[in-house]
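Subject: A structure for you to explore

Hi there,

Here is the structure I promised to pass on to you. Have a look at it first, and then read my notes below.

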Amino acid sequence: MNITDFDKNTICDNTQLLKALITHLDFETQRLLATFVRLTELKLTMEYYSKNKFSCQGTSKEIDFKSILDDVKQYCSKEQQNMLNNISQMMNVYSMYSSFSDLSNLLNPEQMDLYKQFSSQINNGGF
């Protein structure tokens with residue numbers, strides 16, 4: 001599994017090495033090391049946001065849902081990936097529909113009337 005950008009920003013390489021080691025140890029040592037790793041991750045995350053609080057404030061980033069879906073998909077089960085693929089396809093269809101709904105800005109009134117007549121025939125099963 002790939003490491004997330006969040007983890008790249010908030011933890012160190014040694015943390016990943018310790019996580020890989022945990023499952024090879026006896027249960028009691030796993031428990032202690034796992035707790036240590038999680039506390040270290042929490043500490044590093046808090047430090048990251050304390051150091052970067054001024055550079056992060058006020059930066060409004062436009063949300064790119066397609067990019068989010070693509071990033072999240074790699075951490076999902078096959079069933080969840082299929083669901084996200086369906087959502088992505090619906091977003092693409094909506095985007096195409098939205099671009100067509102803006103035709104009124106591109107067509108002259110006569111062309112727009114023809115488009116509306118053609119659309120109503122298709123919607124009413126005229127073809």
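**What I found**

Let me start with the cysteines: the count of disulfides comes to zero. Please keep in mind that this is a predicted model. A disulfide here needs two cysteine sulfur atoms within 2.5 Å. As for how open two of the cysteines are, Cys12 is partly exposed, at 32% relative accessible area, while Cys76 has 19% and counts as buried. That second value falls on the buried side because the cut-off for buried is under 20%.

**The overall picture**

How many helices and strands does the protein chain have? There are seven helices and zero strands, so if you walk along the sequence you will read the pattern α-α-α-α-α-α-α. The chain has 127 residues, and 15% of them count as buried. It exposes about 10,700 Å², with carbon and sulfur atoms supplying 58% of that area. Among the contacts with a separation of 6 or more, 38% are between residues 24 or more positions apart.

**Salt bridges**

A search of the whole structure finds seven salt bridges. Let me walk you through some of them.

Begin with Lys19 and Glu41, whose side chains meet at 2.6 Å, N to O. This pair links distant parts of the chain: Lys19 sits in helix 2 (residues 13-22) and Glu41 in helix 3 (residues 27-51), 22 residues apart. Are these two residues buried or exposed? Lys19 is partly exposed, with a relative accessible area of 28%, whereas Glu41 is buried, with 10%.

Glu41 also has a salt bridge with Arg38, at 3.0 Å from N to O. Both of these residues belong to helix 3, and they are three residues apart, about one turn of the helix. Arg38 is exposed, since its relative accessible area is 55% and the cut-off for exposed is over 50%. Put the two pairs together and you get a network of salt bridges that links Lys19, Arg38 and Glu41.

Another one to find is the salt bridge between Glu47 and Lys43, at 2.9 Å from N to O. These two also lie in helix 3, this time four residues apart, again about one turn of the helix. Glu47 is partly exposed at 34% relative accessibility, and Lys43 is partly exposed at 49%.

**A pair of rings**

How many aromatic pairs are there? The count comes to one. The partners are Tyr48 and Tyr49, with ring centres 4.9 Å apart and planes at 85 degrees, so the pair is edge-to-face. The angle decides the label here, because planes over 60 degrees apart count as edge-to-face. Both tyrosines are partly exposed: Tyr48 has a relative accessibility of 21% and Tyr49 has 41%.

**A nonpolar patch on the surface**

Now turn the model to look for Ile63, Phe65, Ile68, Val72, Met83, Ile87, Met90 and Met91. These residues form a nonpolar patch on the surface, and together they have about 730 Å² of accessible area. Which elements give two or more residues to the patch? They are helix 5 (65-73) and helix 6 (78-101). Helix 6 gives the most, with four residues. Met91 is in helix 6 and counts as partly exposed at 31% relative accessibility. That value is enough for the patch, because its members need over 30% relative accessible area.

**One buried lysine**

Finally, take a look at Lys73, which is in helix 5. Is Lys73 buried or exposed? Lys73 counts as buried, with a relative accessibility of 17%. If you leave aside its neighbours within four places in sequence, Lys73 is in contact with Gln81, Leu84 and Asn85.

If you would like a place to begin on your own, try locating Lys19, Arg38 and Glu41, the residues of the salt-bridge network. After that, try the edge-to-face pair of Tyr48 and Tyr49.

Enjoy exploring, and best wishes!

Notes:
Residues numbered from 1 in each chain as written. Predicted model: local features only at pLDDT ≥ 70, side-chain atom pairs only at ≥ 80, totals over all residues. Heavy atoms only, no water. Buried < 20%, exposed > 50% of the residue type's maximum accessible area, 1.4 Å probe, protein only. Phe/Tyr/Trp six-rings, centres within 6.5 Å; stacked < 30°, edge-to-face > 60°. Patch = residues over 30% accessible without salt bridge, like charges linked within 9 Å, V, L, I, M, F, W, Y side chains within 5 Å. Areas by Shrake-Rupley, 256 points an atom, 1.4 Å probe, with all protein chains shown as cover. Salt bridge = Lys/Arg side-chain N within 4 Å of Asp/Glu carboxyl O. Contact = heavy atoms within 4.5 Å.
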